[in-house]
Amino acid sequence: MVAASIVLISPCNVKSSSVKFDGYVGLKQTVLVNSWSPKPSSSVQQNCRRNSVVIRASETQFNGPVKKLGLSDAECEAAVVAGNVPEAPPVPPKPAAPSGTPVMTSLPLSRRPRRNRRTPALRAAFQETTLSPANLVYPLFIHEGEEDTPIGAMPGCYRLGWRHGLLEEVSKARDVGVNSIVLFPKVPDALKSPTGDEAFNENGLVPRTIRLLKDKFPDLVIYTDVALDPYSSDGHDGIVREDGVIMNDETVHQLCKQAVAQAKAGADVVSPSDMMDGRVGAIRTALDAEGFQHVSIMSYTAKYASSFYGPFREALDSNPRFGDKKTYQMNPANYREALIETSEDEAEGADILLVKPGLPYLDIIRLLRDNSSLPIAAYQVSGEYSMIKAGGALKMIDEERVMLESLMCLRRAGADIILTYFALQAGRCLCGEKR
Ligand code: PBG
C-alpha cells in the first residue's frame with residue numbers, strides 16, 4: 001500500500017545520490033526522516049531518469065497490530081456494539097508544564113494562527129513560497145588569463161579563465177540544477193576606449209566565451225550584460241561628453257551593436273544594465289532586423305545608483321574615472337519612478353523586468369510584481385553577497401541559513417528568478433550536497 005508519496009520535479013543533471021530535501025523545496029527533512037522513507041535514495045535514483053523524484057512512505061514497514069483473526073466486518077461491528085471494544089493505545093497523558101507556570105483559563109480566541117505552524121508536516125503543507133536551483137542565475141566574472149584570480153572584496157568569487165576555470169564552474173553549477181549564467185568580462189585596459197567599441201568586437205572576450213560555452217553545453221541558458229562600462233576608458237555605462245554628460249542616444253546605438261554581437265555568438269538573453277532611455281525598444285528592433293527574434297531581453301528596469309555595487313566594480317576594475325552614475329541610475333529614495341520605467345520597458349518589448357539591488361529593494365520587487373504580468377528578476381548584488389560572507393566568516397551569523405533566507409525573501413517579494421553569486425552554493429544546499 002502506498003501511504004503517501006510526493007513528486008518533485010528536479011533538473012535533469014541533479015546527481016540523484018546526493019538529493020536531500022529540506023524546507024526550501026517545500027518538504028522538511030525531519031518529516032522525511034521521522035515519518036517517511038528513512039532511505040529515499042533507492043526510489044529517488046530509479047525515478048531520476050524521468051527527471052522526477054518520487055518518495056514513497058510505504059517503504060517504511062508498518063509495525064502495528066496486523067494479525068488477522070478471520071472475523072468479518074459484520075462480526076467486528078457486532079463485537080463493538082456488544083461492548084467488546086478492541087484495545088488501542090491509551091490517550092497520552094497531558095504534558096506537564098514547569099512548576100511555577102501560572103494557572104489560568106485559556107484566552108477566548110476564535111483564531112490561533114499557531115495551529116497551522118504546529119508540526120513540520122503542517123508547516124510544509126502551508127509553505128507559500130519555494131526556492132529551487134531553477135530559479136537561480138549565476139553571475140560569472142571572466143578574463144583572458146588561464147588562472148582563476150580571487151576577487152578580494154568577494155570571498156569565494158574569482159575572475160575565471162574563460163577557457164578553463166569557467167567551464168569547470170559552469171559544469172559544477174549544472175550538476176546542482178543551476179543551468180543559467182550571466183557573463184561579466186574583465187577587459188584589458190588597452191582595449192578600453194571612450195566609445196567602448198570593444199563591446200561589439202565579434203571576437204572579443206564575451207562573444208568568444210559564449211561560442212565556447214554553447215559548444216560544450218548547448219542547453220545552457222546564457223544571459224549577457226549590455227552596457228559599456230567594462231569597455232569604457234571612463235568606467236561609465238555610456239559615452240561621456242567633454243562636459244561630463246552621458247550621451248543617451250549615441251550610447252543606445254553602441255548598445256544595439258553590442259547586443260547583436262552577443263546574439264550572433266549565441267546568447268539567449270541580452271540584459272541591458274545601462275539605464276539609458278529607449279534602449280530596450282532599440283535593441284529589440286536591432287535584434288529583429290538581424291534575425292534574432294528568438295533572443296530575449298531582460299531589462300534592468302529599476303536599477304538604482306547604489307553603493308552596494310562596490311565589490312563588483314573592484315572585480316571588473318570598472319569604477320567610474322570621475323563622478324557617479326546618478327544621471328542614469330535611479331535615486332534610491334524613489335519608488336513611483338520605478339513604475340515609469342516599468343511601463344516604458346513593457347511598451348518597448350522587454351521579456352523580463354529586473355530590480356537591482358535585491359534585499360534593500362524588496363518593496364520595488366513587489367511593486368513591479370503587482371504592476372506587470374512579465375517575469376520579474378531580482379539581482380542580489382555584490383555588496384549584499386559580501387556582507388553575508390563577511391558576517392559568516394566572523395561567525396556573527398550562520399552564513400548558509402542567512403543565504404537561503406535572503407533568497408527565499410526575494411522570491412516571496414515577487415521575484416521569479418534571482419541573479420546571485422550564491423547560485424552554486426545555494427544550489428548545493430538545495431540538493432543536499434555539502435561544500
Ligand atoms: C554595470 C553593472 C554593474 C553591476 C552589474 N552591471 C555595476 C554598476 O552599475 O556600476 C553590479 C552588480 C553587482 O554589484 O553585483 N553595467
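1. A residue counts as near a molecule if one of its heavy atoms lies within 4 Å of it. With that in hand, start at the ligand of this predicted model: there are 18 residues around the ligand, and Lys303, Arg313, Lys356, Ser382 and Tyr421 come nearest.

2. Some polar pairs at the ligand are worth a look. Serine 273 has a side-chain N or O atom 2.7 Å from a ligand nitrogen, and aspartate 237 puts a polar side-chain atom 3.3 Å from a nitrogen atom of the ligand. For glutamine 329, the partner is a ligand oxygen, at 2.8 Å from a polar side-chain atom.

3. Next, have a look at helix 7, which runs over residues 248–265. Its 18 residues span 26 Å from first C-alpha to last, close to the 26 Å expected. Buried residues here include Thr251, Leu255, Cys256, Val260 and Ala263. What covers the buried residues? Among the elements doing so are helix 6, strand 7, strand 10 and helix 8. Just past the end of helix 7, glycine 266 has a positive phi of about 120 degrees.

4. On cysteines: don't go hunting for disulfides, as the count is zero. Is cysteine 157 buried or exposed? Cysteine 157 is buried, at 9% relative accessible area, while cysteine 76 is partly exposed, at 36%.

5. How far to trust all this? The chain averages a pLDDT of 88, and 84% of the residues score at least 70. Residues 1–55 are another matter: pLDDT stays under 50 there, although the model has 113 contacts beyond four places in sequence for that stretch. Where pLDDT is low, predicted coordinates shouldn't be read in detail.

Methods. Residues are numbered from 1 along each chain as its sequence is written. This is a predicted model: local features need pLDDT of at least 70, side-chain atom pairs count only at pLDDT 80 or more; totals for chains, interfaces and linings use all residues. Side-chain values use heavy atoms; hydrogens and water are left out. Helices (H or I, at least four residues) and strands (E, at least two) are DSSP runs, numbered from the N terminus. The expected span of a helix is 1.5 Å times one less than its number of residues. Buried means under 20% relative accessible area, exposed over 50%, partly exposed in between (1.4 Å probe, protein chains only). Contact means heavy atoms within 4.5 Å. pLDDT is the predictor's confidence in each residue, from 0 to 100. A disulfide is a pair of cysteine sulfur atoms within 2.5 Å. A polar contact is a pair of N or O atoms within 3.5 Å; within protein, one must be able to donate a hydrogen and the other to accept it, and residues adjacent in sequence count only if both atoms are side-chain atoms.
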